[in-house]
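Q: I'd like to learn how to read a model like this one, feature by feature. Can we go through it together?

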Amino acid sequence: MNRRDRRRQGKAGAAAPTATVAPLSVSTMLMGLAGQDAAAPVVATPVALAADPVQSLLARERQQRELAEELARQQRTLAAEPDSELLLRSVGRLQLRLERRADALITYRRLLQLKPDHAEAAHLAAILAGATPEKADADYVAKLFDAFADNFDRTLTHWLDYRAPQHVATAARAALAGRVAEHALDLGCGTGLLAPEMNGLVRRLDGIDLSPRMIEKAAERKLYHQLEVAEIVAYLAARPARFDLLLAADVLAYFGRLDDVFAAAQAALKPVGHFVATVEAHSGDGFSAGKSGRFAHGEGYLRQAAQAAGFAVASLQPVALRMEDGKPVPGLVFALGLQAGAD
Ligand SMILES: C[S@@+](CC[C@H](N)C(=O)[O-])C[C@H]1O[C@@H](n2cnc3c(N)ncnc32)[C@H](O)[C@@H]1O
């Protein structure tokens with residue numbers, strides 16, 4: 001952050017750039033495009049839930065026009081302040097939202113020249129350059145969700161018709177088949193949207209998340225026995241045979257390769273335990289990384305990774321995870337149980 005950015009941040013009381021940034025819309029957050037700027041004034045209209053397709057199209061066109069105007073405005077400011085980290089980040093996000101991938105790559109590379117350890121720029125530049133990283137950087141994820149914590153619930157439930165917690169709860173209920181899980185863990189619990197859905201299904205529910213601000217929000221619900229800022233794989237690996245139920249609603253989108261998280265989950269489950277989660281569906285083989293910085297997984301890859309970790313697939317179903325640009329985002333919800341004979 002240069003001196004001018006710092007002055008700007010001091011004045012605003014938060015890290016708000018001078019320029020008005022990305023509307024808090026649709027994919028803004030889930031695409032990894034929100035961040036601290038989510039507090040900035042909204043310049044375009046969210047279009048996620050427009051029921052009428054014509055209205056939805058018009059709203060999207062209006063939004064794209066407003067974003068393009070905003071980008072042009074910020075690029076003019078950037079020309080006068082070429083080393084502004086905040087402006088570069090904001091311009092990169094706008095370019096991504098406008099599908100200007102080549103321009104966004106140039107912007108993120110410029111940001112990396114100035115700040116080689118900029119986690120968001122590194123992650124998105126790698127994807128834009130055609131790489132498929134194995135997972136999202138922990139620092140990037142923590143900062144992204146810290147910045148989004150205050151707006152998460154409203155944006156996800158109001159604008160995006162977010163359903164991942166409900167899908168996970170339904171699949172968990174089926175896997176439990178009338179039993180109550182003694183000790184469940186909500187992996188990447190965020191603000192705790194899953195907790196109320198698990199009412200009556202678990203005796204004790206803990207939660208972990210990389211983002212301290214998301215954990216603070218989850219604590220306000222007073223539905224978790226214990227909450228901790230922690231990384232999923234490391235946390236699970238340190239707790240062998242501890243849990244009856246592991247839950248992950250819209251969290252595996254921050255993991256590309258699933259081997260480590262599946263192996264850690266397998267080891268952390270008691271013998272009759274289940275791991276219930278959603279992924280964004282990828283139509284091809286393996287997994288893919290989107291311009292959003294999030295990952296999507298193919299069903300074949302999911303099954304193969306689960307089996308390799310010693311899991312049997314108890315259920316797997318296609319679901320709509322949320323709306324984006326007026327369309328449902330396809331996902332899979334699945335429940336894994338330990339294979340007979342697995343350690
Ligand atoms: C899209 S949010 C979903 C939050 C919550 N599960 C829900 O359904 O509302 C993804 C959450 O996963 C967390 N997360 C992503 N990768 C993580 C990791 N490796 N360890 C812990 N938390 C992680 C993020 O910080 C974020 O809060």
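Q: Let's start with the contacts: what share of those with a separation of 6 or more is between residues 24 or more positions apart?
A: This is a predicted model, and in its protein chain 63% of the contacts with a separation of 6 or more join residues 24 or more positions apart. The chain has eleven helices and nine strands. Of its 343 residues, 54% are buried. About 14500 Å² is exposed, with 52% of that supplied by carbon and sulfur atoms.

Q: Okay, and what is the average pLDDT of the protein chain?
A: Start from a general caution: where pLDDT is low, the predicted coordinates should not be read in detail. Here the protein chain averages 85, and 83% of the residues score at least 70. Over residues 1–50, though, pLDDT stays under 50. The model does have 138 contacts beyond four places in sequence for that stretch.

Q: On to a helix. How far apart are the end C-alpha atoms of α3?
A: First, the general idea: an α-helix has 3.6 residues a turn, so residues three or four places apart point the same way. For α3, residues 85–97, you can check the length: at 1.5 Å a residue its 13 residues should span 18 Å, and the end C-alpha atoms are indeed 18 Å apart.

Q: Is α3 mostly covered or mostly uncovered?
A: Mostly covered: 13 of its 13 residues are buried. After α3 comes glutamate 99, and its phi is positive, near 65°.

Q: Now the ligand. Which residues come nearest to it?
A: Among the 21 residues around the ligand, the nearest are Tyr162, Gly188, Asp209, Glu231 and Ala249. Then look at the polar atoms. A polar backbone atom of glycine 188 is 2.8 Å from a ligand nitrogen, and a polar backbone atom of isoleucine 232 is 3.1 Å from a nitrogen atom of the ligand. With aspartate 209, a polar side-chain atom sits 2.6 Å from a ligand oxygen. As for cover, the ligand has 590 Å² of accessible area on its own, and the protein covers 99% of that.

Q: One last residue: why is aspartate 259 called partly exposed?
A: The label depends on relative accessible area: partly exposed is the range between under 20%, which is buried, and over 50%, which is exposed. Aspartate 259 is at 37%, so it counts as partly exposed. You'll find aspartate 259 in helix α10, residues 259–268. Compare sequence and space, too: aspartate 259 and alanine 305 are 46 residues apart in sequence, yet 5.9 Å apart from C-alpha to C-alpha.

Definitions and conventions. Residues numbered from 1 in each chain as written. Predicted model: local features only at pLDDT ≥ 70, side-chain atom pairs only at ≥ 80, totals over all residues. Heavy atoms only, no water. Helix = DSSP H or I, 4+ residues; strand = E, 2+ residues; numbered from the N terminus. Expected span 1.5 Å × (residues − 1). Buried < 20%, exposed > 50% of the residue type's maximum accessible area, 1.4 Å probe, protein only. pLDDT = per-residue confidence, 0-100. Contact = heavy atoms within 4.5 Å. Near = heavy atom within 4 Å. Polar contact = N/O pair within 3.5 Å; in protein donor to acceptor, adjacent residues only side chain to side chain. Areas by Shrake-Rupley, 256 points an atom, 1.4 Å probe, with all protein chains shown as cover.
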